[in-house]
Amino acid sequence: MRLLASFKICPNLELLKEDIVVTEKMGIDTHFLPNIINCYDESALELVLRLRDKTENDAIELSAFTAGNEQTELTLKSLRALGFTHTIRARDNQKEIDFHPEIVAESLASYVKKNPQDCIILGKEAPVGNHGIMAQLVAEKLHYPSVSSVIDIVETDQKSVTVVVSDEGRMQKQTIKFPCVICVGNAVISKLRVATLRERMAVSKTESEYTSLNYPNRRYMVEPEKLHPIVIRRNCYQSQKSGEEAIYDVLQNGLQKVLEQI
């Protein structure tokens, strides 16, 4: 059985306090922040590892997919140390994917079509953008059934996987047949385990697989247009009177003057 977990590396925005610098593209400059695995994706990765631990005879082959630049390599090597057989990176050196989740979905779907997987697991959303549609896009492109709001993966066999779904506070088990897409939400597990030094040494000479970004024929989402503020200058009303007469004059005639300019 082949399981693929997709994740995203993002800046640790919790460390961003008062040093906020707005870039030319109306974004926040985050180059000085350390990078971490998106929290929902981190839960998905750990749930996959726990599912493997429950399965005997190494029946599960794990893969991890991400799109990003060379900063993701350290995380990919850590995942290989933890037992992910294949780690794949779609090269994105220009940060094209930040506001275009359809590009990542197309790239992931293209890889899965060439390398079939029984189950694809993703976190429900990730900055920058927080579109929350990655799992749905991937499922649509692959024509796979999907289940969302998953908080735990209970068990699996060669034909299906059983998950726990949180539906408006109610938890229930659901079994979905392969192939499928699983979207992980507020999972019961939120931290990824840390590889030991021996595990890291064992994969020190291994490398990730590389692929190019794939662009869909039709963009479902486009980059927001630049806003141009419109400034309208209106003439104010000046009363020639004083005291209470000025107040009455402004309320009577000034208000009418303003309404005529709207």
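1. Let's start with the walls of the largest cavity. Sorted by class, its lining has ten nonpolar, six polar and five charged residues. Keep in mind as you look around that this is a predicted model.

2. How many cavities of 30 Å³ or more does a search of the whole structure find? Just one turns up. As for its space, the largest cavity has a volume of about 290 Å³.

3. Want to find the cavity on screen? There are 21 residues lining it, and those closest to its centre are K8, D41, V104, A126 and M134. If you'd rather go by elements, β4 (61-68), α3 (101-114) and β6 (119-123) are the ones that give two or more residues to the lining.

4. Now for the nonpolar cores. The largest has 38 residues, and the members that touch the most others in it are F84, I121 and I182. Several elements supply at least two residues each to this core, including the strands β1 (2-6), β7 (146-156), β8 (160-167) and β10 (180-184), along with the helix α2 (73-82). Which element gives the most? That's α1, with six residues.

5. I121 is worth clicking on. Leaving out residues up to four places away in sequence, I121 touches L3, L4, A5 and S6, then A44 and V48, and also I153, I182 and V184.

6. Don't stop at one core, though. A second one, separate from the largest, has 25 residues, among them A90, V112, I120 and A139.

7. One element to revisit is β4, which gives two or more residues to the cavity lining and also supplies at least two residues of the largest core. The strand β6 turns up in both places too.

Methods. Residues numbered from 1 in each chain as written. Predicted model: local features only at pLDDT ≥ 70, side-chain atom pairs only at ≥ 80, totals over all residues. Heavy atoms only, no water. 1 Å grid on protein atoms, 1.4 Å probe; cavity = no way out; pocket = protein on both sides within 12 Å on 5 of 7 lines; lining within 4 Å. Points joined across faces, edges and corners; volume = space filled by probe spheres on them. Helix = DSSP H or I, 4+ residues; strand = E, 2+ residues; numbered from the N terminus. Nonpolar A, V, L, I, M, F, W, Y, C, P; charged D, E, K, R; others polar. Core = buried A, V, L, I, M, F, W, Y, C linked by side-chain atoms within 4.5 Å. Buried < 20%, exposed > 50% of the residue type's maximum accessible area, 1.4 Å probe, protein only. Contact = heavy atoms within 4.5 Å.
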